[in-house]
Amino acid sequence: MVYLYITIAVVILFFGYGAWTRKSIYKQVDQLEDWKMDIMNRPITDEIAKVKGLTMSGETEQKFETWRKEWDGVVDVVLPDIEEDLFDVEELANKYRFKKAKEKNKLIEERLMEVEDQLKGMLDDIDVLVQSAEQNRTEIGDIKKLYQDLKKHFSTHRSSFGKATDLIEKRIEGIYEKFSLFDEATKSGNYIQAREVLVLINEEIEKETSVMDSIPKYLVQLQTNIPSELKNLYFGLKDMEEAGFNLEHFSFEKDIETIKETSEALISSVHKLELEGMEEKLSELNEKVDAIYEALETEAVCKQKVQTYLDQIADKFIQTDEKIEELNEDAQLVQQSYRVAEEDLKNHQKINKQLKELTTQLSVIEDATINNTQSFTTLQKMVEDFNSEYEKLEEALETSRGALDTLRKDELKAKETLKELKYKLLEGKRIVQKSNIPGLPSYINSEMEDGEEKLLAAIQKLEEIPLDMAGVIHIVEQAAIAVNNVYTLIEETVEKSQLAERLIQYGNRYRRKSDETSMQLSEAEMAFRSFYYDDAIELASTAIQKYEPNILEKLSEKEEKNTVSV
């Protein structure tokens with residue numbers, strides 16, 4: 001029973017699939033049939049008939065017959081064959097030969113595509129032929145007018161074409177002969193060939209129009225403008241040479257001759273109507289002419305600059321020479337009192353050497369200018385090099401002068417510093433005397449002796465000949481450190497002495513409070529008289545703080561108030 005159901009289901013599926021596939025194939029057949037009918041009903045015959053309005057001979061007649069036969073072949077043979085193939089597809093579908101039916105449908109579709117391509121090519125060819133004939137009819141009149149204008153322009157301006165006149169005339173006659181070819185092709189029904197001839201005629205007219213517009217301009221430049229410029233250049237060279245310019249270092253005459261030869265060769269090319277690249281060639285010639293003018297102008301400007309510079313540098317150079325001589329004299333004097341650094345001595349020697357070299361260099365420039373042995377363009381470069389070296393000399397001169405001035409400046413500064421240190425040391429002693437303190441601790445006296453010794457050593461160092469400023473600066477710095485240190489110690493010691501004295505005096509009110517307090521204050525007094533002021537402050541403050549813990553702050557505040565009131 002199950003087997004029966006399965007069999008029935010398989011049969012149903014088979015017939016269902018067959019019905020669906022057959023329906024799909026019938027649908028494809030209908031589409032291909034519609035396509036075939038569309039092709040058959042197209043007005044191809046009408047399109048072909050358009051050609052009948054043209055001259056039916058030659059190429060036109062041949063193409064007409066070819067197109068008619070092609071269309072008849074499509075209608076009478078190809079499409080009926082496709083019709084039979086479509087019937088075959090339906091029969092194959094009815095017999096459930098679906099694969100074969102689909103393959104045949106594919107072949108029919110490809111065949112119809114081939115027909116479409118064939119008809120498209122045919123219609124395109126018809127359109128080209130008909131349009132060619134139409135364009136020929138509408139354009140021939142305009143092109144003939146262009147030709148007449150060309151001939152008229154030639155006749156009117158033939159004198160401006162030089163030796164190219166005959167060649168241009170022959171080419172114009174060649175254009176005229178092509179009109180006969182156009183007429184023959186048209187009469188023979190060869191409209192496409194006639195079209196090609198007409199397009200060629202139009203291109204040649206445009207070309208000859210351009211040629212006739214260009215040749216007079218080229219010849220004016222080559223036969224008039226450039227020769228005139230070359231003539232002006234030649235006379236300009238002679239005038240400059242007579243004015244004292246040395247132009248032998250340039251190749252101006254050779255360049256002018258080369259331009260002249262090139263110009264003559266280009267004239268020959270124009271007469272032969274070899275005009276390709278003529279604009280660029282003329283531009284190059286004009287650039288070469290301009291380059292010579294520019295070089296001559298540069299030479300003239302350089303002469304003016306060189307002469308102006310030489311006039312200006314003469315007095316300035318003398319002043320520099322005087323400054324260097326003054327520097328040498330000062331250097332000799334300074335060396336008697338100072339120990340001048342080896343580097344500074346070398347710089348002085350270098351400056352004198354630079355001066356000699358620049359003097360020689362300036363003489364060469366002046367000699368070349370007077371005797372006209374160099375171009376002024378070259379002299380201008382020599383002047384620029386000279387000026388660059390001269391600026392370096394002036395800079396070195398300023399540096400050396402500054403170094404000498406610095407030596408003297410350091411000497412004066414050192415003397416002023418020693419004077420200030422001497423006064424400061426005396427001021428420190430005055431502070432000690434004025435304060436009426438018992439005396440100074442031994443280490444401060446030692447520091448004071450050291451400061452005095454260093455101060456004396458610095459004074460003696462400053463009196464040495466030659467003067468070693470580096471050594472002077474060093475020892476003055478040491479003396480300054482020693483004296484400033486002593487002065488600071490004296491101020492601090494006086495303040496401590498005064499504080500210790502006030503503490504001891506203040507603490508006397510507490511001597512009767514206890515024997516210990518009295519003993520501590522006595523010890524503080526002994527330390528004070530022995531110059532141990534730090535110990536005196538410590539002992540006295542310790543004795544008093546049992547009764548007044550803030551005694552140090554209290555005395556400080558009192559001292560500040562007294563200072564303010566004063």
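## Exercise 1: The nonpolar core

Find which residues of the largest nonpolar core touch the most other members, and which helix gives the most to this core.

**Solution.**
Step 1. Start with the rule: a nonpolar core is a set of buried Ala, Val, Leu, Ile, Met, Phe, Trp, Tyr and Cys residues joined through side-chain atoms within 4.5 Å. Here, buried means under 20% relative accessible area, exposed means over 50%, and partly exposed lies in between (1.4 Å probe, protein chains only).

Step 2. The largest core has 64 residues, and those touching the most other members are Ile-168, Ile-215 and Phe-386.

Step 3. Now look at the helices, which are DSSP runs of H or I with at least four residues, numbered from the N terminus. At least two residues of this core come from each of α4 (98-157), α5 (165-187), α6, α7 (252-271), α8 (278-337), α9 (342-371) and α10 (376-435). The most comes from α6, with 16 residues.

A word on the model: it is predicted, so local features need pLDDT of at least 70 and side-chain atom pairs count only at pLDDT 80 or more, while totals for chains, interfaces and linings use all residues. Residues are numbered from 1 along each chain as its sequence is written, and side-chain values use heavy atoms, with hydrogens and water left out.

## Exercise 2: Checking a helix length

Compare the span of helix α6 (residues 191-242) with the span it should have at 1.5 Å a residue, and say where α6 bends.

**Solution.**
Step 1. The expected span is 1.5 Å times one less than the number of residues.

Step 2. For the 52 residues of α6 this gives 76 Å, and the end C-alpha atoms are 75 Å apart, which agrees.

Step 3. A bend at a residue is the angle between axes fitted to the seven residues ending there and the seven starting there. In α6 there is a bend of about 35° at Gln-221.

Step 4. After α6 comes Gly-244, with a positive phi near 105°.

## Exercise 3: One face of a helix

Work out how the buried residues of α11 are arranged around its axis.

**Solution.**
Step 1. Helix α11 covers residues 442-462. Its 21 residues reach 30 Å from first C-alpha to last, close to the expected 30 Å.

Step 2. The buried residues in α11 include Ile-444, Met-448, Gly-451 and Leu-455. Ala-458, Lys-461 and Leu-462 are buried there too.

Step 3. Seen down the axis, the buried residues of α11 fall within an arc of 150°, so they line one face of the helix. The arc is taken from the directions from the helix axis to the C-beta atoms.

Step 4. Turn to the other side of α11, and you find Ser-442 and Glu-453 exposed.

## Exercise 4: Tyrosine rings

Decide how the rings of Tyr-510 and Tyr-547 are paired, and which parts the pair ties together.

**Solution.**
Step 1. Rings of Phe, Tyr and Trp (its six-membered ring) pair if their centres lie within 6.5 Å; planes under 30 degrees apart count as stacked, over 60 as edge-to-face and the rest as tilted. This rule gives seven aromatic pairs.

Step 2. One of them joins Tyr-506 and Tyr-510, a tilted pair with 6.5 Å centre to centre and 55° between the planes. Tyr-506 and Tyr-510 are both buried.

Step 3. For Tyr-510 and Tyr-547, the ring centres are 4.9 Å apart and the planes are at 5°, so the pair is stacked.

Step 4. Tyr-510 is in the loop between α12 (469-507) and α13 (515-529), and Tyr-547 is in the loop between α14 (533-545) and α15 (551-565), so the pair ties together parts 37 residues apart in sequence.

Step 5. Tyr-547 is partly exposed, with a relative accessible area of 31%, whereas Tyr-510 is buried at 11%.

Step 6. Arg-509 lies over the face of Tyr-506, 3.8 Å from the ring centre. That label needs NZ of Lys or CZ of Arg within 6 Å of the ring centre and within 35 degrees of the ring normal.

## Exercise 5: Positive phi

Which loops hold Leu-273 and Phe-531?

**Solution.**
Step 1. Leu-273 is in the loop between α7 and α8. Its phi is positive, about 65°, although Leu-273 is not a glycine. Its relative accessibility is 11%, so Leu-273 counts as buried.

Step 2. Phe-531 is in the loop between α13 and α14. Phe-531 has a positive phi of about 75°, and is not a glycine. At 28% relative accessibility, Phe-531 counts as partly exposed.
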